[in-house]
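Trainee: Mind walking me through this one? I'd like to go piece by piece and hear the reasoning each time.

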Amino acid sequence: MTARHDAVLLAAGGSRRLGHPKQMLTVGGETLLVRAARLLAATGPGRLVVVLGAHADALASWLDEGIVRVNPDWRDGMASSLQVAARALDDRERPVLVAVVDQPALDAMHLAHLLAAYDGRRDVVTAYGDARGVPAVVRASTLRRAPSLQGDQGLRALWAGESPLAVRADALERDIDTPGDVDIAMRDGLLDPARG
């Protein structure tokens with residue numbers, strides 16, 4: 001079967017507020033980085049691009065899935081990673097499934113729902129709480145607008161004035177940025193307990 005989409009995993013951040021690489025936190029013994037890459041690969045993309053930045057050499061050695069692209073400007077924020085992804089896929093016209101590394105509740109079923117909802121007319125986003133965000137399936141034309149982004153702007157800035165289709169998954173509102181986020185995720189069984 002011919003792949004109908006490409007995929008991007010954004011995993012370049014330096015985890016400054018956390019103090020150690022969030023990409024290496026584990027769920028069921030599997031790092032968030034490897035788990036997210038595996039889930040995206042399982043959707044059958046034609047091309048999977050994993051954007052790394054901080055700790056890129058060490059993190060890349062863990063990956064069996066995808067094409068690694070290093071964002072040398074990762075300190076500048078999310079926009080620079082989306083721009084790296086856009087350059088890696090600039091010869092493609094397929095929709096792109098975009099995910100981030102720090103949503104421990106990410107699962108295959110939600111990714112499948114996003115892809116099934118995509119009809120080519122508009123982007124499909126995840127709704128949680130009052131927000132819309134990733135994971136998302138974006139048109140190639142949306143990703144090509146990434147150069148207009150700056151700093152910590154993400155895909156939401158590209159949806160201004162648009163009405164993407166939303167697929168609700170409130171569990172994905174939770175991401176990992178601080179030690180408190182880790183503690184809560186561990187308490188709720190979304191991350192493995194810390195090894196002492």
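**Helix, sheet and salt bridges**

Mentor: Let's start with α4, whose buried residues are His110, Leu111 and Leu114. They span an arc of only 100° around the axis, so they sit on the same side of α4. Keep in mind that this is a predicted model.

Trainee: Which residues of α4 are exposed on the other side?

Mentor: Think about the helix repeat before you look. An α-helix has 3.6 residues a turn, so residues three or four places apart point the same way. The buried set keeps to one side of α4. On the other side, the exposed ones are Met109 and Ala116.

Trainee: And what do the buried residues of α4 pack against?

Mentor: One partner is a helix and the others are strands. The helix is α1 (32–41). The strands are β6 (96–100), β7, β8 and β9.

Trainee: Is Thr126 buried or exposed?

Mentor: Thr126 has its place in strand β7, and β7 is among the elements that the buried residues of α4 pack against. The cut-off for buried is under 20% relative accessible area. Thr126 has a value of 0%, so the word for Thr126 is buried.

Trainee: Which side chain joins that of Thr126 in a polar contact of 2.7 Å?

Mentor: Look at what Thr126 touches: the list includes His110, Leu114, Val134 and Val167. His110 and Leu114 are also among the buried residues of α4. The polar contact of 2.7 Å is with the side chain of His110.

Trainee: Zooming out to the open sheet of seven strands, what is the strand order?

Mentor: The pairing in this sheet is mixed. β5 (67–70) and β9 stand at the edges with a single partner strand each, so one side of each has no neighbour in the sheet. From one strand to the next, the twist averages 30°. Reading across, the order is β5-β4-β1-β6-β8-β7-β9.

Trainee: Which residue in β9 stands opposite Val125?

Mentor: β9 is an edge strand with a single partner. β7 and β9 pair in the parallel sense, over four bridges. In β9, the residue opposite Val125 is Ala166.

Trainee: On to charges. How many residues apart in sequence are the parts that Lys22 and Asp177 tie together?

Mentor: Side chains of opposite charge can pair when their charged atoms come close. Here Lys22 and Asp177 form a salt bridge at 2.9 Å, N to O. Lys22 lies in the loop between β1 (6–11) and β2 (26–27), and Asp177 in the loop between β9 (165–168) and α7 (179–187), so the parts tied together are apart in sequence by 155 residues.

Trainee: What is the relative accessible area of Asp177?

Mentor: Its partner Lys22 is buried, at 12%. Asp177 counts as buried too, and its relative accessibility is 18%.

Trainee: What about Asp119 and Arg121: how far apart are the closest N and O atoms?

Mentor: Asp119 is partly exposed, at 42%, and Arg121 is exposed, at 66%. The two form a salt bridge, and the closest N and O atoms are apart by 2.9 Å.

Trainee: Which residues are linked with Asp123 in a network of salt bridges?

Mentor: Start from the pair Asp123 and Arg139, whose side chains meet at 3.0 Å, N to O. Both residues are buried. The network links Asp123 with Arg139, Arg145 and Glu162.

Technical notes. Residues are numbered from 1 along each chain as its sequence is written. This is a predicted model: local features need pLDDT of at least 70, side-chain atom pairs count only at pLDDT 80 or more; totals for chains, interfaces and linings use all residues. Side-chain values use heavy atoms; hydrogens and water are left out. A salt bridge is a side-chain nitrogen of Lys or Arg within 4 Å of a carboxyl oxygen of Asp or Glu. Helices (H or I, at least four residues) and strands (E, at least two) are DSSP runs, numbered from the N terminus. Buried means under 20% relative accessible area, exposed over 50%, partly exposed in between (1.4 Å probe, protein chains only). Two strands pair if DSSP finds at least two bridges between them. Axes are lines fitted to C-alpha atoms, for helices over the stretch in contact, and angles run from 0 to 180 degrees between N-to-C directions. The arc is that of the directions from the helix axis to the C-beta atoms. Contact means heavy atoms within 4.5 Å. A polar contact is a pair of N or O atoms within 3.5 Å; within protein, one must be able to donate a hydrogen and the other to accept it, and residues adjacent in sequence count only if both atoms are side-chain atoms.
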